[in-house]
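Work through the following exercises with the sequence and the model at hand. Each task is followed by a solution in steps.

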Amino acid sequence: MRQPDTTLMPGQLGTTSLDPRDPALRSALMRRAPGGAYEISDADVVRAIRAWDARGDTAAVRDLCELLVDRCMPEFKRRSMGLRHRPDLREDAIMAMIEQLLREVRNPREQFMLSNFIHYLHCLCADCFNRVLREEGLSYRRDERGQPAGRPKHVPRALVDRLDVPSAGESDDTASRDLPESGDAYRERLGALEAERILFFLSDPLDQKIVYLRVIEGMQWEEIATLCGKTERTMRLRFEKAKVTMRTHLEAEPHDD
């Protein structure tokens, strides 16, 4: 019986030379050259993953994929720092980056990562990060000063779920009957979006938190000071300055006639 041809095509740094089960090779895969780059490049790891995948060796593919994710993880974390105030969303962004990386690594038609893996990785991170922002209604157009301009491009996913999806035990007929009869849900959505947009005028996360706790949550100054670890006087002063900042930006916005 004729054996299948397992010869690697030219340019595939092959399955025989990059076997993750070889202890000596595993240490070599994590070793860096004096300039800081890996001795075995990311593109070569991708070629090896595809070569092992063509042979049907899932164990080798899994080991090399885990290695590649470990290599990329510092970049994933760095590129998702903009969501560090929302750990749940940051984790979603990192998971999206990992999923897209592994999907495209095993796609032989994806050739750009082989020619410039670093640039490919930067584009991947930016795409996934911006996708999470759009899904959560956090993506804004910016003016020449870098300030949010207009309304968010999308309604936050969590807000849509809370307002539009029937609760457990509630039929679709009930949900469709309640919403048209009252504009409260829509006013709540618009109000939440407008409040979030205005809060983005404040560059300091602490100021955003103070305004949110005072205006949206209706908390007392003593409670806010305890949560923020500051004095009540500091909370009041920062709140007043934040109001001036938000009012200035709102007054500077163009108004429709």
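The exercises cover confidence, cysteines, the nonpolar cores, one helix and the salt bridges.

This is a predicted model, in which local features need pLDDT of at least 70 and side-chain atom pairs count only at pLDDT 80 or more, while totals for chains, interfaces and linings use all residues. Residues are numbered from 1 along each chain as its sequence is written, and side-chain values use heavy atoms, with hydrogens and water left out.

**Exercise 1. Confidence**

Task: state the mean pLDDT of the chain and find stretches where pLDDT is under 50.

Solution. Start with the scale: pLDDT is the predictor's confidence in each residue, from 0 to 100. The chain has a mean of 75, and 68% of its residues reach 70 or more. Next, take residues 1-16, where the value is below 50; this stretch has 16 contacts beyond near neighbours in sequence, a contact being heavy atoms within 4.5 Å. Residues 152-182 also stay under 50, with 41 contacts beyond four places in sequence. Where pLDDT is low, the predicted coordinates should not be read in detail.

**Exercise 2. Cysteines**

Task: count the disulfides and explain why Cys-72 is in none.

Solution. Apply the cut-off, a pair of cysteine sulfur atoms within 2.5 Å. The count is zero. For Cys-72 the closest cysteine sulfur belongs to Cys-125 and is 7.7 Å away, so the two are too far apart for a bond. Cys-128 is likewise in no disulfide, its nearest cysteine sulfur, again that of Cys-125, being 7.1 Å away. Then check accessibility, where buried means under 20% relative accessible area, exposed over 50%, and partly exposed in between (1.4 Å probe, protein chains only). Cys-72 is buried at 2%, and Cys-128 is buried at 0%.

**Exercise 3. Nonpolar cores**

Task: which residues of the largest nonpolar core touch the most other members?

Solution. A nonpolar core is a set of buried Ala, Val, Leu, Ile, Met, Phe, Trp, Tyr and Cys residues joined through side-chain atoms within 4.5 Å. The largest has 40 residues, and Leu-68, Phe-76, Leu-101 and Phe-117 touch the most other members. The helices α1 (23-29), α2 (42-55), α3 (58-79), α4 (87-105), α5 (112-115) and α6 (117-135) each supply at least two residues; helices (H or I, at least four residues) and strands (E, at least two) are DSSP runs, numbered from the N terminus. Beyond four places in sequence, Phe-76 contacts residues including Ile-94, Leu-101 and Cys-125. Another core, of 17 residues, lies apart and includes Leu-199 and Phe-239.

**Exercise 4. Helix α6**

Task: compare the span of α6 with the expected one, and find what covers its buried residues.

Solution. The expected span is 1.5 Å times one less than the number of residues. For the 19 residues of α6 this gives 27 Å, and the end C-alpha atoms are 27 Å apart, which agrees. Its buried residues include Phe-117, Tyr-120, Cys-128 and Leu-133. Among the elements covering the buried residues of α6 are α2, α3, α4 and α5.

**Exercise 5. Salt bridges**

Task: count the salt bridges and place the Asp-42 pair.

Solution. The criterion is a side-chain nitrogen of Lys or Arg within 4 Å of a carboxyl oxygen of Asp or Glu. Twelve pairs meet it. Asp-42 bridges to Arg-71 at 2.8 Å between the closest N and O atoms. This pair links distant parts of the chain, α2 and α3, 29 residues apart, and both residues are buried. By contrast, Glu-75 and Arg-79, bridged at 2.8 Å, both lie in α3, four residues apart, about one turn of the helix. Glu-75 is buried at 14%, whereas Arg-79 is partly exposed at 29%. Finally, Asp-19, Arg-21 and Asp-57 form a network of salt bridges.
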